[in-house]
Each structure stands twice: as C-alpha cells, then as structure tokens.
Amino acid sequence: MKKLVVFLSVLCMMLTFSVPTFAKAGEDHLNYGEGLSKGQSLVSKNGLYTLAMQFDGNLVLYGRGTALWDTHTYGNPHVTEARLVYSGYFGLLGDDRDFYWTSNNRDYVPGILLVLQDDGNLVLYSKYDSTYFPVWDTNTYIH
C-alpha cells in the first residue's frame, strides 16, 4: 500500500509539471514555462501593442494598426503554440513537439520572462541574482 501511495504521488507530480500553462487574458508577459495557444495574445500595459498567436501558425506583434514583427510561420499547419520553454528559449512549438521558430538566444535559465513593453518591443529577460537583463528582443521599440 505504501508503494502505491508513493507511486501515485510521483505520478501526480509528473502530470502537474508536464501540463502546459497559458497566459491569462490581458497579460503583458509570459513567465517561465507559460505560453500562448492559437487565438491568445499578450497586450502591453498601455494597450497600444498586441502579440497574437494566430490561427494560421504565425506569431505577430501589432502596434498602432500595423504588423511590426512576425515569425514568418503563417500557413504552417503544425504550429500550435508559442512557449517560453525551460531551456531558456521563446519558441513556436508544433503538434509534433518540434520547434518551428525560436528566439535563438543562448540558454539562460531560470528566471526567464518575456515582456511586451509599452514602447512596442518584445523582450526576453534572464535573471541573475536579483537583476533582470535582456537576452533577446524584436527591436521594434518606438523612440
């Protein structure tokens, strides 16, 4: 009986950590391990910029009525979500669990954070001690 309880406890922990979490509506950021499924988006705090995971498989940053940046993955039937993965990358995952686009930064873990800033820039931050520093961005900030 004790072995069964231990087995079930371990199984529950594995399931808890393997279930993907997605951003809440209206958020301006993704935390480590969170993502956007098709149809979800991030919105900057000032409401001027939106990062949308589109149903066509493309991730697009919109601002002031126009597309400012995208992953060029439109029309890819495999792309299912954008995710801030445990290896420190931000990427687009497919239904086959392959990456179809990544931020292509070096592995920075833990404490990664992706923020859609009020200046229109999408920035991936890493944390060292108590300081966040940028490791990748879309270079779409407005001066």
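Which residue in β10 is the bridge partner of Leu-92? The partner is Trp-101. This structure is a predicted model, with a mean pLDDT of 84 for the protein. The points below cover confidence, strand pairing and two buried residues, Thr-140 and Glu-81.

**Confidence**

- In this protein, 78% of the residues reach a pLDDT of 70 or more.
- Residues 4-18 have a pLDDT below 50. Beyond near neighbours in sequence, this stretch has one contact in the model.

**The four-stranded sheet**

- Four strands form an open sheet in the order β4-β5-β6-β7, and their pairing is antiparallel.
- The edges of this sheet are β4, residues 41-43, and β7, residues 66-70. Each of these strands has a single partner strand, so one side of each has no neighbour in the sheet.
- From one strand to the next, the twist averages 20 degrees.
- The edge strand β4 is joined by three bridges to β5, which covers residues 49-53, and the two run antiparallel.
- Leu-42 has Leu-51 of β5 as its bridge partner.

**The hairpin of β9 and β10**

- Strand β9 spans residues 90-94 and strand β10 spans residues 99-102. They pair in the antiparallel sense, over three bridges.
- The pair of Leu-92 and Trp-101 is a bridge between β9 and β10.
- Four residues lie between the two strands of this hairpin.
- Within the hairpin, Arg-97 takes a positive phi near 70 degrees.

**Thr-140**

- Thr-140 is located in the segment after β13, a strand made of residues 131-137.
- Is Thr-140 buried or exposed? Its relative accessibility is 10%, so Thr-140 counts as buried, because the cut-off for buried is under 20%.
- The side chain of Thr-140 makes a polar contact of 2.7 Å with the side chain of Thr-138.
- Leaving aside residues up to four places away in sequence, Thr-140 touches Leu-61, Leu-68, Trp-69, Asp-119, Gly-120, Asn-121 and Leu-122. Among them, Leu-68 and Trp-69 fall within the residue range of the edge strand β7, 66-70.

**Glu-81**

- Glu-81 belongs to strand β8, which runs over residues 79-84.
- With a relative accessible area of 6%, Glu-81 is buried, because this value is also under the 20% cut-off.
- The side chains of Glu-81 and Arg-83 are joined by a polar contact of 2.4 Å.

Conventions: Residues numbered from 1 in each chain as written. Predicted model: local features only at pLDDT ≥ 70, side-chain atom pairs only at ≥ 80, totals over all residues. Heavy atoms only, no water. Pairing = 2+ DSSP bridges. Axes fitted to C-alpha atoms, helices over the stretch in contact; angles between N-to-C directions. Buried < 20%, exposed > 50% of the residue type's maximum accessible area, 1.4 Å probe, protein only. Polar contact = N/O pair within 3.5 Å; in protein donor to acceptor, adjacent residues only side chain to side chain. Contact = heavy atoms within 4.5 Å. pLDDT = per-residue confidence, 0-100.
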